[in-house]
Amino acid sequence: MILEHKGIPIFYSDHGEGNTIVLLHGFLENSKMWSPFIPSLSKNNRVVCIDLLGHGQTGCLGYIHAMELMAECVEVVLNFLKIKQSVFVGHSMGGYVALAFAQKKPDSVKGICLMNSTAQNDSLDRQKNRDRAIRAVKQNHKTFIRLAISNLFAPKNIHRFSEDIEHIIKEALRTPLQGIIAALEGMKIRPDAKAFFKSATFKKMMIISQNDPVLDYQALLNEAKNSEAETIEFSDGHMSHIENKRDFLHYVMHFVENI
């Protein structure tokens with residue numbers, strides 16, 4: 001379904017009834033990534049999936065998509081649907097957006113699951129990597145997308161999930177150049193949210209992978225411990241919803257059911 005906001009379309013889907021689960025995708029992904037999980041999650045819950053700015057069928061708002069701007073679009077959808085409280089599951093960038101939403105509207109959040117995500121802001125080295133990525137995107141965005149997607153998986157899984165990788169790349173190639181760069185710029189400038197996440201009273205869970213090529217495993221473990229978040233560990237890469245599909249669904253359903 002399409003909702004108009006500030007002259008652009010925002011795409012969302014809405015399935016089931018009950019307590020609301022909001023699923024937020026990561027960078028270069030879109031709401032289709034959640035399709036395999038909707039039948040199970042929507043049996044006893046209302047499941048809302050949203051294409052974030054510049055991804056999927058949602059348009060771009062300028063050239064820097066700050067996480068707060070993306071969270072504003074999430075808020076617009078939830079207000080339109082008259083949803084007052086939700087549990088959020090955010091993959092990577094989706095986790096950053098969930099935290100930005102929670103900082104603005106903490107009473108609207110019953111829980112947050114950060115999947116391969118963090119409340120920590122970008123380090124200086126990470127910011128430099130974002131700038132290098134932006135230059136690479138401008139030179140050849142197709143090559144950038146192919147490399148970026150493949151590098152999200154644990155090396156041992158690249159052959160095993162080759163069909164999934166090709167499917168993700170095909171979807172990612174539909175992401176407009178403006179959307180890719182605006183998201184990189186937005187992630188680069190996001191504020192640190194560790195103190196907020198630590199003090200938050202809503203239920204918290206972090207899904208952490210030992211061989212995540214994007215995020216530091218030990219740093220995430222420390223963050224989860226300091227935030228008193230329930231910790232789920234996998235041995236694979238950044239794409240837990242594919243590399244650990246069955247276990248991921250099990251833990252998310254358990255997280256939601258116990259709120």
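This section describes an internal cavity and a helix-helix contact in a predicted model.

Rolling a probe the size of a water molecule over the atoms reveals where empty space remains. In this model, one cavity of 30 Å³ or more was found, and the largest cavity encloses about 80 Å³ of space. Its lining is formed by Met67, Glu68, Tyr96, Leu99, Ala100, Gln103, Thr118, Ala119, Arg190, Pro191 and Ala193. Two helices, H2 (67-80) and H3 (93-104), each contribute at least two residues to this lining. Helix H3 provides the largest share, with four residues. In terms of residue class, the lining of the largest cavity comprises seven nonpolar, two polar and two charged residues.

The packing of two helices is described by the angle between their axes together with the distance between the axes. For helix H4 (residues 124-139) and helix H7 (residues 177-188), the axes come within 9 Å and cross at roughly 170 degrees. Because angles over 145 degrees count as roughly antiparallel, H4 is roughly antiparallel to H7. The contact of H4 with H7 includes eight nonpolar, one polar and five charged residues. On the H4 side, the participating residues are Gln127, Arg130, Asp131, Ala133, Ile134, Val137 and Lys138. These residues meet Leu177, Ile180, Ile181, Leu184, Glu185, Met187 and Lys188 of H7. Among the charged residues of this contact are Arg130, Asp131 and Lys138 in H4, as well as Glu185 and Lys188 in H7.

Definitions and conventions. Residues are numbered from 1 along each chain as its sequence is written. This is a predicted model: local features need pLDDT of at least 70, side-chain atom pairs count only at pLDDT 80 or more; totals for chains, interfaces and linings use all residues. Side-chain values use heavy atoms; hydrogens and water are left out. On a 1 Å grid over the protein atoms alone, a cavity is a set of points where a 1.4 Å probe fits but cannot get out, and a pocket is an open set with protein on both sides within 12 Å along at least five of seven lines; lining residues have an atom within 4 Å of a point. Grid points are joined across faces, edges and corners, and a volume is the space filled by probe spheres set on the points. Axes are lines fitted to C-alpha atoms, for helices over the stretch in contact, and angles run from 0 to 180 degrees between N-to-C directions. Angles under 35 degrees count as roughly parallel, over 145 as roughly antiparallel, 65 to 115 as roughly perpendicular and the rest as oblique. Contact means heavy atoms within 4.5 Å.
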